[in-house]
2 protein chains.
Amino acid sequence: MEPDLIEQIRDFNRFYTERLGLLTDRYLGGDRPLGPSRLLWEIGDRRDVSELRDRLGLDSGYLSRLLRGLEEQDLIRVLAHPRDGRARIAELTEAGRRERDTLDQRSRAGVRALLGGLSPEQQHELAAAQGRVRRLLRLASVTITPVAAGDPEAWRCLQRYAAELATRFPEGYDDAALTRPEELTGSLLLARERGEPVGCGAWIRLDTRTAEIRHLWVDGTARGLGLGRRLLHHLEADAAAHGAGTLRLGTHRCLGEAIALYRGAGYHEIDAYSDSPYNQICFEKHQPVAEPG
Amino acid sequence: MEPDLIEQIRDFNRFYTERLGLLTDRYLGGDRPLGPSRLLWEIGDRRDVSELRDRLGLDSGYLSRLLRGLEEQDLIRVLAHPRDGRARIAELTEAGRRERDTLDQRSRAGVRALLGGLSPEQQHELAAAQGRVRRLLRLASVTITPVAAGDPEAWRCLQRYAAELATRFPEGYDDAALTRPEELTGSLLLARERGEPVGCGAWIRLDTRTAEIRHLWVDGTARGLGLGRRLLHHLEADAAAHGAGTLRLGTHRCLGEAIALYRGAGYHEIDAYSDSPYNQICFEKHQPVAEPG
DNA sequence: GCGATTACCTGACCGGGGTCAGATAATGTC
DNA sequence: GACATTATCTGACCCCGGTCAGGTAATCGC
């Protein structure tokens, strides 16, 4: 990896830190310290206290004190939870909503002032470039790891995969088609973003030299990052390391993005090789294999 | 301005703040708090204490305490200034240099790990997109204001402009060609980035309907932002507001970027209209004028 | 040489952000 | 019903970053 590139990224980080100090903090902060502002913002209209603690990653003591502070200023109300006597719910009062809105307004005004110095085309260019930075950084932060066949997180991914297919296929989808742990003669990969599962993929052995890619799936919030391709590459590399020089897969005609992904990755269409009703269109690809020796 | 765009920018700011927390702080901070780390970094090898105070914008008391802290850990030495008995100089010890290098190393490692999740092309794409964001944000933060003819900051810009031309023109440049305050029948614009002058430009009246653009200059550190074009637009708009429907300007053949800028802005080449030896190539452009009425 | 200024140090103080150790009450688990 | 767990609150405490007032010594300007 080129050192220059690392230096450029660091430089950008420094640059952006400096700029952010002038944007986020100042405009969001207003007269009140940052903590309460963020909290006010995060409460939205009403929200479970436990959820707030998770989202903001705060110590329960600290959060409790922040809440009390806001309550004293009549910006929020804290109510009992209807179904759990221990839990509580924070809710913005009318004044709280006004306060949140003014904070919001101030923040927007700051950004508007900044954008004012740019032409409309440049504004769009900025937004586009930021979008690209963001997608790439998100992609970079996703980790892909092999997991055991019965891994509960992976299983949950597979079920979300199945649920999605059920809504997208006109004929629906029967989970019985999911690969059961004992069928998994290859590997199961799980993609996580900041710890949260956001995608999966598996391959199984068809014969000693052939692997079948299955259940490649990316969560809706993580689409557009290029994660599908990254997962696919991982699966291919893993299969190659296990001696599979031929990769096959089948998919449904209505999954346009998936088909485009496979074609883009060098797969070419072949005749059906399996009798799964969902494999309406099948692909194959050959790859070099690390020969033992 | 589209609200969506503002929302996108804010979103990116939030996103990046969150990411930065995981990058800059953690990796730079190490076990020691941020202040000392930044200081260690900023000292470089040795540096005047007063300079540190300016650069980091710290209270003298706070800085003094930070320095003492580092001194106690034998990371720095504070020496008397050779020429000013009041001033002092901070210098990294051998251990301090090592410490700074490990901080640096850790920061680089963090970025490297992040980039590891991306393909080389994506890494370059990231750097390029960050570069674009950065240039646009810098451009956005530049303010352009008209200043009085004799403005000292503007004058300093003009002199830097003259100094630069003197090195770039094979025949040198005589400052006598600079527009003197009493010649300035139009306007003088000064561009500032974070308060610092980074560019200038002027126009003078040739006749009631014709303005001449002069001394369009952008500091080396602010080039590539598109500031030249922005200054030119400002000058044109200002001249238009004063009834000038025809714009003229002359430049030197060796100023390729300037020539490209003018052509890109709609100027077409004309015969020489002035006898300035530096106007080797002349341009003209017509623009609509706000008619009184 | 005298007063003003400058560069730095010292000590006192402050607030924000954050952790920790219980306390309390409601809820699950067996 | 006993016991562990969970959700929140409370009070004590800590550190970092930062400000302020005052002190000391050197230097500048006249």
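Tutor: A residue is near a molecule or strand if one of its heavy atoms lies within 4 Å of it. This is a predicted model: local features need pLDDT of at least 70, side-chain atom pairs count only at pLDDT 80 or more, totals for chains, interfaces and linings use all residues, and side-chain values use heavy atoms, with hydrogens and water left out. Residues are numbered from 1 along each chain as its sequence is written, while chains are lettered from A and ligands numbered from 1 in the order in which they are written.

Student: Which residues come nearest to DNA strand D?

Tutor: Start with the surroundings: 23 residues lie around DNA strand D. Sugar and phosphate make up 69% of the atoms of this DNA strand that come within 4 Å of the protein. The residues that come nearest are Arg53(A), Arg86(A), Arg88(A), Arg65(B) and Gly85(B).

Student: Which residue has a side-chain N or O atom 3.5 Å from a base nitrogen of DNA strand D?

Tutor: Set the phosphate pairs aside; a polar contact is a pair of N or O atoms within 3.5 Å (within protein, one must be able to donate a hydrogen and the other to accept it, and residues adjacent in sequence count only if both atoms are side-chain atoms). The side chain of Arg68(A) places an N or O atom 3.1 Å from a phosphate oxygen. Gly85(B) uses a backbone N or O atom, 2.7 Å from a phosphate oxygen. The base nitrogen pairs with the side chain of Ser60(A).

Student: Which helix gives the most to the surface near DNA strand D?

Tutor: Helices (H or I, at least four residues) and strands (E, at least two) are DSSP runs, numbered from the N terminus. Helices H3 (49-56) and H4 (60-72) of chain A, with H2 (34-43) and H4 (60-72) of chain B, each supply at least two residues. The top contributor, with five residues, is H4(A).

Student: How many charged residues does the surface near DNA strand D have?

Tutor: Sort by class: Ala, Val, Leu, Ile, Met, Phe, Trp, Tyr, Cys and Pro count as nonpolar, Asp, Glu, Lys and Arg as charged, and the others, Gly among them, as polar. Seven residues are nonpolar and six are polar. The charged residues number ten.

Student: Which element gives the largest share of the surface near DNA strand C?

Tutor: Here 21 residues surround the DNA, with Arg65(A), Gly85(A), Arg53(B), Arg68(B) and Arg88(B) closest. Phosphate oxygens lie 3.0 Å from an N or O atom in the side chain of Arg68(B) and 2.8 Å from one in the side chain of Arg88(B). Two or more residues each come from H2 (34-43) and H4 of chain A and from H3 (49-56) and H4 of chain B. The largest share, five residues, is from H4(B).

Student: What is the strand order of the open sheet in chain A?

Tutor: The sheet has seven strands and mixed pairing (two strands pair if DSSP finds at least two bridges between them). Its edge strands, each paired on one side only, are E4 (142-147) and E9 (268-270). The order is E4-E5-E6-E7-E8-E10-E9.

Student: What angle does the direction of helix H8 of chain A make with that of E7(A)?

Tutor: Axes are lines fitted to C-alpha atoms (for helices over the stretch in contact), and angles run from 0 to 180 degrees between N-to-C directions. E7 (residues 210-218) runs antiparallel to E6 (residues 196-207), joined by seven bridges. Helix H7 (residues 152-168) packs on the sheet at about 80° to E7(A). Helix H8 (residues 227-241) also packs there, and its direction makes an angle with that of E7(A) of about 155°.

Student: Which residue of E3(A) stands opposite Arg77(A)?

Tutor: Four of the five residues of strand E3 (residues 88-92) of chain A are buried (under 20% relative accessible area; exposed is over 50%, partly exposed in between; 1.4 Å probe, protein chains only), so the strand is largely enclosed by the rest of the structure. E3(A) pairs antiparallel with E1 (residues 46-48) over three bridges and with E2 (residues 76-80) over five. Arg46(A) stands opposite Glu91(A). Opposite Arg77(A) is Glu91(A).

Student: Which residues is Gln130(B) in contact with, leaving aside its neighbours within four places in sequence?

Tutor: Gln130(B) sits in helix H6 (residues 120-141) of chain B. Its relative accessible area is 1%, so Gln130(B) is buried. Contact means heavy atoms within 4.5 Å. The partners are Gln8(A), Ile9(A), Phe12(A), Val133(A) and Tyr16(B).
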